[in-house]
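User: Hello! I'd like to learn how to read a structure such as this one. Could you take me through it feature by feature?

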Amino acid sequence: MSNENSTLYSKKNLPGNFAKIGQMLLAVGLILVVLAYFVDHTRSAFNNLILLMFLTSIGVGSLFLVAMEYLGGAVWSTPFRRITEFFAAVILVIPLAAIPIYFNLHDLFHWTHAEAVAEDKILAGKSSYLNETFFIIRIVFFIAVWFLFYFLIIKNSKKQDSSGDPKLTTRNIKLSAVFIPIFGLTITFASIDWVMSLEPHWFSTIFGVYFFSGTILAALAFTTFIVVYMNEKGLLIKGIKKDHYYSLGAYLFAFINFWAYIAFSQYMLIWYANLPEETFWFLQRWEGGWMYISIALIIIHFVVPYFGLLSQPSKMNPKRLMFMSIWILFAHIIDLYWLIMPTYSKDSVPLGWIELAFPILAIGAVITVFSIKAKKENHVPIGDPKLKRGLDFRL
Amino acid sequence: MTDKKLYSLTAVFDKPDDIINAAEKVSDSGYTKYDINTPYPVHGLDGAMKLPPSKLGYSALVLGLSGTFAAVLMIYFMSVYDYPIVIGGKPFFALPAFVPIMFEITVLAASIGTVLTMLFFFFKFPNNSHPLLETDYMKLVSVDKYGVSIQADDPKFNEDEISKLYNDLGASKILPVYWDLEEVLYEHKIVEPKFLGMLALTAIIVSGTVYFSLNKLMFMEPFSWMMEQEKLSPQQKSEFFSDGYSMRPPVEGAIARGDLPYQFADKPEMAAKILSNPLVSSEENLLLGKTKYNIYCSPCHGYFGEGDSRLRGQFPNPPSLHSQKLRDWTDGRIYHVIEVGQNVMPAYNTQMTNNEKWATILYIRALQRSLNAKESDL
């Protein structure tokens, strides 16, 4: 209970095979992806979009979680905020995943074909927004904004390790207050541009929120997994206990419900209004075998994690938490697959090694970025004034 | 002091950390009947007191599920069994539409039910007195102090030992709390005139207020000048007219503006002879005709009058408008068919104005000419 016992922290490195697994996945994924591009160009481009959305989810979602901690004044998550910051570094590889998209715009997006737009009144009406130049400008702008806030927020947090200056926290709170509305807008428009515009005739006003809910869930799942994994091995700091696990579990549980709420709202309004220009999007996902993926999505993304994390003891059980985190990441990939792939193949569910290659690359990239950051920096924000309170946190 | 019965020995602490420490020590010392009182929920107390996880969650689960079940039953009874109405072409049992109601009633049942369970089951609600109430101890711990109270019926209870424990823990005050003997010794009677009177008074006040506000207050109009004028409402009986109708039919022979009654309803030949198209085939009229033709005629006759519409085969096939018979018909004869219908074709007199009918005929003529052009058209 003593308040003046300054936190003793000695950095313990991650086990060596952790980085190796990441590099291996990255290498295997990269080889398969290059091969996939030679085998089936269009199909690979669609899968590349899943990869891009997944990396965006993890990177930008993690930065959002960091900003939420600052803005909300939360202390419970301070001891492992650095983990989330490492995952936010995935933002840096988003452009790499976006470049192949740029070269395959015509394969992916129907509205980039000038002759199709000329024949189509609706697309012509949307062409002031959906045109290639503006699209590229927007994407560059989004990525630039994410880069900017990543560097600003992380720099202050890192500087605090040595100086311990509480002013840096204040500065980050202000930055977070600016970042969060910008995050809301950029993630909404990014999801509209990258995913919703695959079907340029379709529109759903809740789509940005839908993607946001999955984003936060995936980012949180990665953080939860690594925090529980490292803490069980004693690689973090003394003081992270069941109370922290419970909070992470409850956070996950809340966003599982939020996702289901938003997904159902989107479905119900379109189902109820029954307008052909909206319903075709769901009909696409109900025909040609997609029905099974749609039903599986409900079960995988909502029912299983809901009952898996419902009770209080399950949120404190490290094994359960780690399993559920991996499960939720898997569910997020299925979610992206369900959003993107029906545009590529309406009549059948494409499931082959190409669909496996891109998630392998995605996971490999995230783990590699994480292990590079983890090697260089402290795993705990040791200079943060909230750290002591965070370690003393109790339910 | 002999007439006082000890309820518990309490101690007051100044800091939240102290009370967590105290809770740990008290539970470690083996006391079972004790309680902690703080002005706000202090994090970590449950663990320090070694309390098992609360059972309240189970009651929330059960009540929530029964709410879901009740909602399904309610909606099923209302929209499938008792009063089925087709809404927006959906089936009577349209699950997605019911989910919001199921969700809301689940939340409502779970939250209200949990609060009631907490009050009645855990707090023993109708019992509104507790020895700790109205004591100096309670006054302190409900403002800015943190207190622990070990009850006298604890098997390990020993006043000196507990005082020593409290002092060791750094208590700022140690206060004994006594039963309110007047209350303990009071003999409760089942029928108490005071209580019954109170009950009756409450009933009268509540029901009176409800009656007044629902039946009187709700129907008070701030201004009634226009509401209460001399007039007859729809469906009201008239005392003035002998037939009792308050709404009067129009005078016999009256015609609505812009409407001419059709005089040749059963005389197609006369219509063919007498009626002629008042419109000239201007672009404007032809466009109007095209619009109306595509709306009213094309579903059966097809966009080009060939009788090849999407409804072909589902009804007796409509004839082509390009037959010699139709081309020989006068405009008046076609007008007659549009006006009164023919075979399975319904009358369109209520759906199109006179001008629209004539414009449509112009358009039909143009269609006919497109397939059987005269030499002079070339």
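Analyst: Happy to; we will go through confidence, helices, the interface, salt bridges and domains. Please keep in mind that this is a predicted model.

User: Let's begin with confidence, then. What is the mean pLDDT of chain A?

Analyst: Chain A has a mean pLDDT of 92, with 98% of its residues at 70 or more. The exception to look at is residues 1-6 of chain A, where the pLDDT is below 50. That stretch makes five contacts in the model beyond near neighbours in sequence. As a general habit, where pLDDT is low, the predicted coordinates should not be read in detail.

User: And where in chain B is confidence lowest, and where highest?

Analyst: Chain B averages 86, and 99% of its residues score at least 70. Its lowest confidence falls in helix α7 (residues 181-185) of chain B, with a mean of 75, while helix α8 (residues 193-216) of chain B is highest at 93.

User: Now helices. Why does the span of helix α8 (residues 132-163) of chain A agree with what is expected?

Analyst: The idea is to compare the end-to-end distance with a rise of 1.5 Å a residue. This helix of chain A has 32 residues, so it should span 46 Å, and its end C-alpha atoms are indeed 46 Å apart. Just after α8(A) comes A:G164, with a positive phi of about 65 degrees.

User: What does the same check give for helix α11 (residues 242-273) of chain A?

Analyst: Helix α11 of chain A also has 32 residues. From first C-alpha to last it reaches 46 Å, close to the expected 46 Å. The residue that follows α11(A) is A:N274, whose phi is positive, near 60 degrees.

User: How many residues of each chain are in contact at the interface?

Analyst: There are 11 residues of chain A in contact with 14 of chain B. Together the two chains bury about 1,200 Å², 68% of it on carbon and sulfur atoms. On the chain A side, A:W271, A:Y272 and A:R394 lose the most area, together 45% of what that side buries. Helix α11(A) gives the most to this side, with six residues.

User: Which polar links cross the interface of chain A and chain B?

Analyst: The rule finds three residue pairs in polar contact, but zero salt bridges across that interface.

User: How many salt bridges does the structure hold over all chains?

Analyst: There are 21 over all chains. One pair is A:E69 with A:K386, whose closest N and O atoms are 3.5 Å apart. This pair links distant parts of the chain: A:E69 sits in helix α2 (residues 41-72) of chain A and A:K386 in the loop between α16 (353-376) and α17 (387-391) of chain A, 317 residues apart.

User: Lastly, which domains are assigned in chain B?

Analyst: The assignment gives domain 1 (6-185), domain 2 (187-217) and domain 3 (268-377). The C-alpha centres of domain 2 and domain 3 of chain B lie 78 Å apart.

Methods:
Residues numbered from 1 in each chain as written. Chains lettered and ligands numbered in written order. Predicted model: local features only at pLDDT ≥ 70, side-chain atom pairs only at ≥ 80, totals over all residues. Heavy atoms only, no water. pLDDT = per-residue confidence, 0-100. Contact = heavy atoms within 4.5 Å. Domains from an automatic or database assignment. Helix = DSSP H or I, 4+ residues; strand = E, 2+ residues; numbered from the N terminus. Expected span 1.5 Å × (residues − 1). Buried area = accessible area lost by both parts, 1.4 Å probe. Salt bridge = Lys/Arg side-chain N within 4 Å of Asp/Glu carboxyl O. Polar contact = N/O pair within 3.5 Å; in protein donor to acceptor, adjacent residues only side chain to side chain.
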